[in-house]
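Visitor: I would like a close look at a single part of this structure, with its surroundings explained step by step. Could you take me through it slowly?

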Amino acid sequence: LLDSDLLLVDQSQDTLKQSDRIWVLTVGDVGMVKRVRVMADGNLAILSDNASVPEMIAVDGEARLVGRVVAVIRKL
């Protein structure tokens, strides 16, 4: 994703059913667009496509899924 991209977010999808989809989520007061996976212990692994950004773990419901990114609109 690029800084000037517009995202279409389906807010009716607020439950993680498939890993490796791109989600808009909040952790505390911070909003982000990331890939999310459910771990074996029920916690969420928050992943970045940027290799220099480390994986985050959200425990005890501290992350809230806002919706799934279903389209990216990019200017030509």
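Guide: What follows is a walk around one strand and its neighbours, and then a view of the whole chain. Please keep in mind throughout that this is a predicted model, and that the values given here are computed from it.

The part to look at is strand 2, which covers residues 22-27. To place this strand in its setting, it helps to know that the protein chain contains 6 strands and 0 helices, so that reading along the sequence gives the pattern β-β-β-β-β-β.

On one hand, strand 2 is joined to strand 3, which spans residues 30-38, by 6 bridges, and the two strands run antiparallel. If you would like one pair to find in the picture, take Trp23, whose bridge partner in strand 3 is Lys34. These two strands form a hairpin, with 2 residues between them, and in that turn you will find Gly28, which has a positive phi of about 65°.

On the other hand, strand 2 also pairs with strand 6, made up of residues 63-73, again in the antiparallel sense, and this pairing runs over 5 bridges. Here the pair to find is Thr26 and Arg64, the latter being the bridge partner of Thr26 in strand 6.

If you follow the chain onward from strand 6, you come to the segment after it, where Lys75 lies. Is Lys75 buried or exposed? Its relative accessible area is 72%, and because a residue counts as exposed when this value is over 50%, Lys75 is exposed. Lys75 is also 69 residues away from Leu6 in sequence, although their C-alpha atoms are 8.9 Å apart in space.

Stepping back to the protein chain as a whole, we can ask how its radius of gyration agrees with that of a compact globule. For 76 residues, such a globule would have a radius of gyration near 11 Å, and the value for this chain is 12 Å, which agrees. The C-alpha atoms fill a box of roughly 45 × 30 × 25 Å along the principal axes, and 28% of the 76 residues count as buried. Of the contacts between residues at least 6 apart in sequence, 47% join residues that are at least 24 apart.

As for the surface, the chain exposes about 5,400 Å², of which carbon and sulfur atoms supply 51%. Its side chains include 9 positive and 11 negative ones, and the centres of these two sets lie 8 Å apart.

Terms used:
Residues are numbered from 1 along each chain as its sequence is written. This is a predicted model: local features need pLDDT of at least 70, side-chain atom pairs count only at pLDDT 80 or more; totals for chains, interfaces and linings use all residues. Side-chain values use heavy atoms; hydrogens and water are left out. Two strands pair if DSSP finds at least two bridges between them. Helices (H or I, at least four residues) and strands (E, at least two) are DSSP runs, numbered from the N terminus. Buried means under 20% relative accessible area, exposed over 50%, partly exposed in between (1.4 Å probe, protein chains only). The radius of gyration is taken over C-alpha atoms; the globule rule is 2.2 Å times the number of residues to the power 0.38. Contact means heavy atoms within 4.5 Å. Accessible areas come from the Shrake-Rupley method with a 1.4 Å probe; for residues, only the protein chains shown count as cover. Lys and Arg count as positive and Asp and Glu as negative; His and the chain ends are not counted. The place of a charge is taken as NZ of Lys, CZ of Arg, CG of Asp or CD of Glu.
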